[in-house]
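Q: Could you take one part of this model and go through it closely? I would like to know how that part sits within the chain as a whole.

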Amino acid sequence: MKVPFIDIARHEEGFRSAWSDKVARMTAETQFMGGAEVKALEDQLSTYCGTSFAVSCANGTDAIQLALRALGVGRDDVVLVPNATFWATFEAVVNVNAIPVTVDISLTDGGIDLAAFEEAIEAEKPKAAIVAHLYGWGTNALTALRALCLERGVQLIEDGAQAFGVTHDNAPIYAGALISTVSFYPAKVLGAAGDAGAVLTNDAELATRVRRLSNHGRTEHYGFGDVGWNSRMDSLQAAYLNLSFDHIDARIASRRAAADEYRRLLPALGIVPMAAPPSYGENGYCNVCLIEDAAQKTRIEDVLRTKEIGFGNIYPGTIASQAGAKPYLKAHYGGDNGDRLSRSVLNLPLFAYITQREIASVVEALSEALDARGAA
Ligand SMILES: *Cc1c(COP(=O)(O)O)cnc(C)c1O
């Protein structure tokens, strides 16, 4: 059967009518900016994420820029970024006029290569570093990484765009970060009805700075203590997210079950999906298979296309290999695991409420593609 790579239209019973009612009421009240929905969302976020403060903003990319600016990162400051992440992680550094340096990643969990990271700190003396928690968990080295940054005076930003609901040592992953960011892009684990994001921190001063920067540097309505920009989350996005919050546990449980199902079924085909390190509770954001045999990978992708089964390659190219990186990238530390990941990564359909039948169809198609090799 046909299986989409992602389907975000599988709303819970009653969700759409609750949303329509809310839109009608908020429209009648012209409740479009700030107000009760935004306040309620920020309260829910800080509770759920285990942080003292949650500041809503326009999107996950702005959230990273806000975090960088709040930490005082600006012109000519060096910032380390992983070589395998979404482009926004790199972009945010360039957009605050800082100098990005890439660091290789680990093929075990997709996180930063700690040895290369340490080498880069020694050589570059960065003011800050960003790591990205990809695929639904974080790096195995998270505790060591945070301690290293603290010890060397490197301000660590954790790009948690994909990590909503992830736990580390039984606490929300965001709770132990100096400052972390989240994206509510519709396809993320907690998705809005458009663009939205947030910055999370336990530091009151950082939270105040983020809030000020996200609202034109305002100190009062027509008083400006800084040059920020407009990165406010609108009230309708907050309302949609508040409604979605009621279902977040069920959505994450469904994603996790699907991720587990793939891990149960795929090894028999000789494919072992990447897994969260043992200290994590994953959120089931993404399935990750590494298929190093290029011919085999092509054959699998051809079969999936023929059977109209969606798949992803997250990400098909490293940061350092992008044409847009060339004018800005100062250096790269570590090896080429990022490139190896880009060449071999295959992501199978995974989203909240995917059915067992759909997963079985995906596995069946893979099995067929691998059998074809035996027959050839
Ligand atoms: C989605 C994503 C972003 C950007 O978030 P937007 O809300 O789309 O701006 C940044 N980093 C990572 C790792 C992401 O997955």
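A: The account below starts with helix α4, goes on to the loop before β2 and ends with the whole chain.

This is a predicted model, in which local features need pLDDT of at least 70 and side-chain atom pairs count only at pLDDT 80 or more, whereas totals for chains, interfaces and linings use all residues. Residues are numbered from 1 along each chain as its sequence is written, and side-chain values use heavy atoms, with hydrogens and water left out.

Helix α4 covers residues 87–95; helices here are DSSP runs of H or I with at least four residues, strands are runs of E with at least two, and both are numbered from the N terminus. Its buried residues are Ala88, Thr89, Phe90, Ala92, Val93 and Val94, where buried means under 20% relative accessible area with a 1.4 Å probe, protein chains only. These buried residues pack against one helix, α3 (60–70), and against the strands β2 (78–82), β3 (99–103), β4 (128–132) and β5 (155–159). Just after α4 comes asparagine 97, with a positive phi of about 65°.

The loop between α3 and β2, two of the elements that α4 packs against, holds aspartate 77. Aspartate 77 counts as buried because its relative accessibility is 17%. Apart from neighbours within four places in sequence, aspartate 77 is in contact (heavy atoms within 4.5 Å) with Gly72, Ala98, Ile99 and Lys127. From its C-alpha atom to that of alanine 275, 198 residues away along the chain, the separation is 35 Å.

The wider setting is as follows. The domain assignment, which is automatic or from a database, gives domain 1 as 15–245 and domain 2 as 248–375. Their C-alpha centres lie 25 Å apart, and 51 residues of domain 1 are in contact with 43 residues of domain 2. The chain as a whole has 12 helices and 15 strands, and 54% of its 376 residues count as buried. Of the contacts with a separation of 6 or more, 74% are between residues 24 or more positions apart. Along its principal axes the C-alpha trace spans about 75 × 55 × 35 Å.

Conventions: Buried < 20%, exposed > 50% of the residue type's maximum accessible area, 1.4 Å probe, protein only.
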